[in-house]
Amino acid sequence: MHIPDNYLSPETCIAMTAAMVPVWAVSIKKVKDALPKDKIPKMGVGGSFSFLGMMFNVPLPGGTTGHAVGGTLIALLLGPWAACIAVSMALLLQALIFGDGGILAFGANCFNMAFVLPFVGYAVTHLIAPKFGTEESTKKRDLIAAGVGSYCGLNAAALCAAIEFGIQPMLFTDAAGNALYCPYGLGVAIPAMMIGHLTLFGLVEVIFTCAILAFVRSAAPEMQLSHKESHTSMPLKVFLGALILATPLGLLATGTAWGEWGTDEIADTGIGYTPQGMLDGFQFEAIIPDYSVAGMPEWIGYILSAVIGAACMVILFKLVSLLKKGGSAA
Amino acid sequence: MDRTLMRLLGRILESDTKRTDSKLPRILPALRLSVVLLCILLCALSRNAVFVVGILAAELIRLAFLPPQRIAGVLGRLALPVLFTLLIMLPSVFLGHPRTMLTVTMKVTCSVLLLLLANEEMDWKDVTGAFRSLHIPGIFTMTLDMTMRFLVLLGRLADAMLEAISLRTFDILKGRKRDRARYMTAGGVLGTTFLVSQRMATQTYEAMECRGYDGVYRSYEKHRFGWQDAVYALLIPLAIAAFIYCQAAL
Amino acid sequence: MIQLEHLSYQYPDGNPALSDITYHFEAGKCYCLSGPNGCGKSTLFRILNGLSFASAGSYLLDGVDVTEKKMRDKAFAASLHRRIGYIMQNTEVQLFTRSVEEEIAFGLYQMGLSDEEVVARVEKYISLLGLESLRKRSPFTLSGGEKKRTALAAILAMDPPALIMDEPLNGLDEDGQQWVTDFIRGLKTPDRLLIVATHNKDLISEIADETIYMTKEHTFR
């Protein structure tokens, strides 16, 4: 679910980041007020845990594997606000240092995985088990609630990502009608994202959350799992809900126009520009030269190809030398 | 799992020690990061391939100057996102967006390469340090540092546990039973790691308290704005000018 | 300097950890504390550092009673932490910043020292503990001995008149143990109080002015 750069338009990324800024600000305030005093190390633990969780490939029936995000788990243990900061930091490190997930798309990734995921997961869990983690007698119910919560959280996040993908071709196309970023409309993006998350990844998230909760419960029953934080007030819930709903809609509104829905659907059915696209599409040579050098002085093209060619040669030779030395190409 | 984990930890440790041999002038990390961010942004905004190819060319040159081992590392990490994007974007060719596949793939290559190279030249401390100098609230930067630290400490612990388990595991279970055993293993390893991590977090907080921590965290590292930084900063107007020129020519 | 009067401590589950300890630690002396696992050494150290509080009896630092209520006052807590340095048994959890330099500077900034003073002290303790080549490294990537040296530098830089060390030789190889032993011997000055928990007989014979044995019954002998 880590959205790389260039799948979303910069405009979308800016809008998503803008939506995250107040959330981060409130998170800091909440964490400073509410969490027990050892908050910073605990959030660091939360962040690295989410990170580690993403590396645990859990086997699934049928021989496939998948990994978890763990946002709901952290929300249940440290509270959703702390989870927001912890997962945001994990995502930032992944984007900057491990190249997983885009830098421009950081805001969007945070919106999905650090905001929607933990908050939905936390809310659903507490809806099912209002006394989550406080009583020994409700252990089973708590686990089920956490499982359902984490499943809902992950899928809500995936849905947000799908919507973000899906609105791209409606809003951002070049003069010829080619999508500039993610080319798939809502009709393709939503099923493509959701099928995987409703089944495999959702299941992994549930296993990850429940396995840890169950283990902690049985190995260290004295550990207080309930997270004592004043419950999210109703107006805030409404505000958050509205924000979640409004962001994609707002993007549509501020983008080209509502009317684009129509043309996009036409395009999907193949009446609009598709024939033009098909014509271009199958003449392979037409794609690059036409696009790249259009209107540019020829010498720029020459210099660029020369530079790229030279650099590639050096890289190639260096790699060959590596093989000859018997060094493993790490 | 254990392989990925060890590779990750190895990368952090390597990044912590490799910097000593660097001959490149030290550029203000925040500045370097800003330039990378700007280039990624401009690439994303560009409606013209020349600009993106230009940035790509510059990146390839920088890559070519690296030692072979590092080139291999960068290319290895670059391959996955690029191939993945190609695969994802392939159907779009038949859905009426023939150029999208190439545009998006090229831009993804460019952005990922920009980041990977930035990481080759900075260690993670520079990256998180850059955030510090941009006046991001201390709670974020401290959480960032702590996340890295716990990642290494807990990663080592999880790895040691997996190794211990592998000594006691004999691959004789089949099907359901094997899956069940694996879930239990994963839950046990992660659960134990979690419990230990909670204890460590509390102890760390106490250690901070013992050294008088009162909620404010000041950084010792100081990097003055030197002439190298000024030269490097010229890249910003240069990139913007090139961008505008390319867009205008379209 | 440190006075314990009928100090007792019970865990929240009711088990005792310390029972009725009365003792007077004087400045300028080195006390070695030994005893079986679970005799309450770590709990005692937590109390001395103001991290836990006695269930009964009192703990006086320079004649002032240290209580949970007083520790909530930031100024009081700060003055206690400035007077007592604590080298934890597991140095791994004690080092939490991004680099060795930062680690040493952390406490100094918290003390409110000027930038010049911080730089001067950081440099002094980096060279004193031979950390020059490690200064930019992250503490969590260091070896056990290097971590111990970093923790020592970070605590000593704050120049506390009392220093508490929990098993300082733990996890060190022979050379490391010898180095730390010599270093602790060098720390003995006429006005510094040292309290060292250790099982190591060589270390005790090298540094101790007084040896205290804690029994299974959680008292001093």
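Two strands pair if DSSP finds at least two bridges between them. Keep that cut-off in mind for the exercises below, which use a predicted model.

**Exercise 1. Find how strands 1 and 2 of chain C are joined, and where the turn lies.**

Step 1. Count the bridges. Six join strand 1 of chain C to strand 2 of chain C. The cut-off is at least two, so these strands pair.
Step 2. Read the direction. The two strands run antiparallel.
Step 3. Pick one bridge. C:Gln10 has C:Pro16 in strand 2 as its partner.
Step 4. Look at the connection. The strands form a hairpin, with five residues between them. In the turn, C:Gly14 has a positive phi of about 100°.

**Exercise 2. Place the strands of the chain C sheet in order, and find its edges.**

Step 1. Take the other partner of strand 1. Strand 1 (residues 2–10) and strand 4 (residues 56–61) of chain C share five bridges and run antiparallel. One of the pairs is C:Glu5 with C:Ser58 in strand 4.
Step 2. Write the order. The open sheet of four strands in chain C reads 2-1-4-5, with antiparallel pairing.
Step 3. Name the edges. They are strand 2 (16–25) and strand 5 (64–65) of chain C. Each has a single partner strand, so one side of each has no neighbour in the sheet.
Step 4. Recall what holds a sheet together. Strands pair through backbone hydrogen bonds, parallel or antiparallel.

**Exercise 3. Describe the make-up of chain B.**

Step 1. Count the elements. Chain B has 10 helices and zero strands.
Step 2. Check burial. Of the 250 residues in chain B, 46% are buried.
Step 3. Check the contacts. Take those in chain B with a separation of 6 or more: 80% join residues 24 or more positions apart.

**Exercise 4. Test helix 4 of chain B for length, bend and burial.**

Step 1. Compare the spans. Helix 4 (residues 68–94) has 27 residues and reaches 39 Å from first C-alpha to last, close to the expected 39 Å.
Step 2. Find the bend. A kink of about 30° lies at B:Ile88, shortly before the proline B:Pro91.
Step 3. List buried residues. Among them are B:Ile71, B:Val74, B:Pro81, B:Thr85 and B:Met89. The kink residue B:Ile88 is also buried.

Notes
Residues are numbered from 1 along each chain as its sequence is written. Chains are lettered from A and ligands numbered from 1 in the order in which they are written. This is a predicted model: local features need pLDDT of at least 70, side-chain atom pairs count only at pLDDT 80 or more; totals for chains, interfaces and linings use all residues. The expected span of a helix is 1.5 Å times one less than its number of residues. The bend at a residue is the angle between axes fitted to the seven residues ending there and the seven starting there. A residue is buried if 20 or more other C-beta atoms lie within 10 Å of its own, exposed if 12 or fewer, and partly exposed in between; C-beta atoms are placed from the backbone. Two residues are in contact if their C-beta atoms, placed from the backbone, lie within 7 Å.
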